[in-house]
Amino acid sequence: TMRAVVTRVDSASVAIGGKVKSSIGKGFLIMLGVHEDDEEKEALKIADKICGLRIFEDEAGKMNRSVKDIDGEILLISQFTLFANYRHGNRPDFLDAAPPDEADALYRYFGQLAEKEVRHVGYGIFGAHMQVSLTNNGPVTIVMDSEVLKNKGKNTVQQKEEKA
């Protein structure tokens with residue numbers, strides 16, 4: 001179950017040790033979490049969905065354009081903390097996140113897929129302590145889960161209702 005937090009931005013940047021590593025203009029800041037069970041198929045599904053996601057405004061002010069349609073950019077940040085297990089106690093564990101080597105490989109694969117769709121993909125440094133800055137536009141932020149895409153696009157609430 002790959003997770004992505006997709007934020008529509010006017011600009012975003014990532015710095016390491018106070019020095020900017022990557023920056024983008026209008027587009028998406030994507031925080032990507034890789035689960036221990038993820039494979040390339042999850043990255044492909046979620047990258048395809050994100051690059052086609054129509055959440056940029058058209059001439060009529062409707063969210064009807066994708067990041068590709070607006071010639072936007074993507075800043076991709078790996079974030080294992082999206083798999084925090086906080087059920088017990090106050091110190092979360094991250095045992096469901098993929099091991100670093102596997103997570104890095106799928107993070108890079110996701111980036112390669114995105115590079116085929118948009119003109120520029122900026123990256124953080126996998127495993128580094130990063131400072132991420134952004135100007136959120138909207139604000140519009142969508143949390144995506146590859147598991148939802150496996151279930152014919154039905155969200156978790158719809159799935160629970162069907163079981164009831």
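This is a short dialogue on reading strands, a helix and a buried residue in a predicted model.

Reader: Let's begin with strands. Which strands does β1 pair with, and how do they run?

Author: Look for bridges, since two strands count as paired if at least two bridges link them. Here strand β1, residues 3–16, is joined to strand β2, residues 19–24, by 5 bridges, and the two run antiparallel. Strand β1 also runs antiparallel to β3, with 7 bridges between them. A further 11 bridges join β1 to strand β8, residues 131–145, again antiparallel.

Reader: Nice! Which residue in β2 is the bridge partner of S13?

Author: S13 is partnered with S23. Take V14 next, and you find S22 as its bridge partner in β2. On the β8 side, A4 of β1 has M144 as its bridge partner.

Reader: What happens between β1 and β2, where the hairpin has its 2 residues?

Author: Check the backbone angles there. In this hairpin, G17 takes a positive phi near 60°.

Reader: Is β1 mostly covered or mostly open?

Author: Count its buried residues: 10 of the 14 in β1 are buried, and the strand is mostly covered.

Reader: Could we follow one residue in detail? Why does L29 count as buried?

Author: Buried means under 20% relative accessible area. L29 has a relative accessibility of 3%, so it counts as buried. You will find L29 in strand β3, where it stands opposite T7 of β1.

Reader: Which residues does L29 touch, leaving out those up to four places away in sequence?

Author: Its contacts are V5, V6, T7, V9, A12, L75, I77, V132 and L134. Try picking out V5: it lies 24 residues from L29 along the chain, and their C-alpha atoms are separated by 8.0 Å.

Reader: Now for a helix. How can I check the length of α2?

Author: Compare an expected span with the distance between the ends. Helix α2, residues 100–115, has 16 residues, and at 1.5 Å a residue it should span 22 Å. Its end C-alpha atoms are 22 Å apart, so the two agree.

Reader: And how do I read which way its residues point?

Author: An α-helix has 3.6 residues a turn, so residues three or four places apart point the same way. With that idea in mind, mark the buried residues of α2: A103, D104, L106, Y107, Y109, F110, G111, L113 and A114.

Reader: What do those buried residues pack against?

Author: They pack against β3 (27–33), α1 (40–52), β6 (73–78) and β7 (121–123). You have already met β3 as the strand that holds L29.

Note on methods. Residues numbered from 1 in each chain as written. Predicted model: local features only at pLDDT ≥ 70, side-chain atom pairs only at ≥ 80, totals over all residues. Heavy atoms only, no water. Helix = DSSP H or I, 4+ residues; strand = E, 2+ residues; numbered from the N terminus. Expected span 1.5 Å × (residues − 1). Buried < 20%, exposed > 50% of the residue type's maximum accessible area, 1.4 Å probe, protein only. Contact = heavy atoms within 4.5 Å.
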